[in-house]
Amino acid sequence: MKAARFIAINSPIVTLIMNICLVTILLYGGNMVLMNTVPVGDLVAFINYVVQVLASLLMVSGVLMNITQANVSAKRIQEVLTMKEAMNDKQEVLQSDISASNVAFNHVLFSYNDSTNAKDVVLKDIHFKAKRGETVAIIGSTGAGKTTLVQLLPRLYEVTGGSIEIDGKDIRNLPLLELRKKIGIILQETILFTGTIKENIAFGKAEVTQEEIEDAAKIAQAHEFISKLPNGYDTLVGQKGVNLSGGQKQRISIARAILIHAPILILDDSTSALDVATEKKLRAAIEFLSKQTITFMVAQRISSVIDADKILVMEDGSIVGKGTHKELLATCEVYQDIYQSQFGKRELSYEQQTLS
Ligand SMILES: Nc1ncnc2c1ncn2[C@@H]1O[C@H](COP(=O)(O)OP(=O)(O)OP(=O)(O)O)[C@@H](O)[C@H]1O
Ligand SMILES: [Mg+2]
């Protein structure tokens, strides 16, 4: 604000001074010319010199403005650079110690501001287990806490109460870098960087062959559209992927997560922009991958979660239903409501009858 104020005052003042100077020179000089004490040529030359000097002064004030701005920016950057990491990072556990073959949420409580007041709590008593080969789907209305839940696993946020364990070890005791290497996460908001498609897919792995990239893209159902682009994998992606459609961006970020072969895969609403047919193909393709991984899949559509080994139905930060599609249709009211809102009432009773 100080810099902005300085800049706002500075330039009008400098312009004012410049113009006052010129007016004064013209008044005095004009008078002198009229009285024939000075030739017109001298006056014009003098004005030219004065303008040159004033222009230099203007430049100096411009530099001063830049310095004030740069000063503020530098301070801010310094603040960020010297900030201490909020999370403690322990180095006790060796890399080989985590194979990530099971994950357990133990009565997890979470609020974004660390308070345990009922109105601040975003996740309440989240308790479930998952093991390698399983797909855990999370479904629920918007704002129920699905994204929050999956973000706790790579410790993007720290749990407020309870604990999360991988292979029986509290994730707070694992080295952060090792923990995150075990997790491939596709965030709800797709993030692409300026660069080629290839660079965007290979982002999580230092050394990678073209073949690996293409394999990952094939699984993510992205290979087809990428090959159709005039420059294929070398097509430039604009900032935030402006030149790609929503579904194309999603598939590129899915390929990026698949490429690192992490034992835990999190898809946060990552298929929302895909048409049902493409989504089906994608699910079939990751099916064989999911035999070696624990897959967490957040979704809005029943059709996306129907084959999951375990479906968690969330409402207002709590799990209100847990089980397979069939079990939930029979017992969970919230799940029935979601089903009904997507397929209609008749379809619901028909499905319930055929399943039972
Ligand atoms: N960074 C944040 N700081 C504070 N509150 C947040 C933050 N992110 C989310 N919330 C709140 O937490 C609650 C759960 O949000 P979350 O993003 O987990 O919902 P969601 O189930 O993923 O919804 P959607 O289906 O729309 O993605 C919401 O009430 C939201 O307002
Ligand atoms: Mg979400």
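Here, a residue counts as buried when its relative accessible area is under 20%, as exposed when that area is over 50%, and as partly exposed in between. Keep that scale in mind for the close-ups below, which all come from a predicted model.

**Figure 1. A salt bridge with a buried partner, Glu134.** Glu134 and Lys131 bring their side chains together in a salt bridge, with N and O 3.8 Å apart. Glu134 has a relative accessible area of 16%, so this residue is classed as buried. The pair is one example from a longer list, as a search of the whole structure finds 11 salt bridges.

**Figure 2. A salt bridge along helix α7.** Here the side chains of Lys228 and Glu224 meet, with an N to O distance of 3.9 Å. Why do these two residues sit about one helical turn apart? They are four residues apart in helix α7, which spans residues 223-228. Lys228 is exposed, because its relative accessibility is 65%. Glu224 is exposed as well, with a relative accessible area of 53%.

**Figure 3. Arg283 and Asp307 in a salt-bridge network.** The closest N and O atoms of Arg283 and Asp307 are 3.5 Å apart, and the two residues form a salt bridge. Arg283 belongs to helix α9 (residues 276-289), while Asp307 lies in the loop between α10 (302-305) and β11 (310-315), so the contact ties together parts that are 24 residues apart in sequence. Is each partner buried or exposed? Arg283 is buried, at 16% relative accessible area, whereas Asp307 is exposed, at 59%. Take in the neighbours too: Glu279, Arg283, Arg301 and Asp307 are linked in a network of salt bridges.

**Figure 4. The magnesium ion and its protein donors.** Which protein atoms coordinate the magnesium ion (ligand 2)? They are OG1 of Thr147 and OE1 of Gln188, at 1.8 to 2.2 Å. This pair links distant parts of the chain, as Thr147 is in helix α3 (residues 146-152) and Gln188 is in the loop between β6 and β7, 41 residues apart. Thr147 is partly exposed, with 23% relative accessible area. Gln188 is also partly exposed, at 40%.

**Figure 5. The surroundings of ligand 1.** A shell of 13 residues surrounds ligand 1, and the closest are Thr142, Lys146, Thr147, Thr148 and Gln188. Helix α3 supplies the largest share of this shell, with three residues. Several polar contacts are worth a look. A polar side-chain atom of Lys146 lies 2.7 Å from an oxygen atom of ligand 1. For Gly143, a polar backbone atom is 2.8 Å from an oxygen atom of the ligand. Ala144 places a backbone N or O atom 3.2 Å from a ligand 1 oxygen. Taken alone, ligand 1 exposes 640 Å², and the protein buries 59% of that area.

**Figure 6. A nonpolar patch on the surface.** Which residues make up this patch? Tyr112, Leu156, Tyr157, Leu187, Ile191, Phe193 and Phe203 form it, and together they have about 630 Å² of accessible area. Leu187 is a handy residue to find on screen: look in the loop between β6 (183-186) and β7 (195-196). With a relative accessibility of 31%, Leu187 counts as partly exposed. The loop between β6 and β7 also holds Gln188, one of the residues that coordinate the magnesium ion in Figure 4.

How values were computed:
Residues numbered from 1 in each chain as written. Chains lettered and ligands numbered in written order. Predicted model: local features only at pLDDT ≥ 70, side-chain atom pairs only at ≥ 80, totals over all residues. Heavy atoms only, no water. Patch = residues over 30% accessible without salt bridge, like charges linked within 9 Å, V, L, I, M, F, W, Y side chains within 5 Å. Areas by Shrake-Rupley, 256 points an atom, 1.4 Å probe, with all protein chains shown as cover. Salt bridge = Lys/Arg side-chain N within 4 Å of Asp/Glu carboxyl O. Buried < 20%, exposed > 50% of the residue type's maximum accessible area, 1.4 Å probe, protein only. Donors = N, O, S within 2.8 Å, 3.2 Å for Na, K, Ca; no water. Near = heavy atom within 4 Å. Polar contact = N/O pair within 3.5 Å; in protein donor to acceptor, adjacent residues only side chain to side chain.
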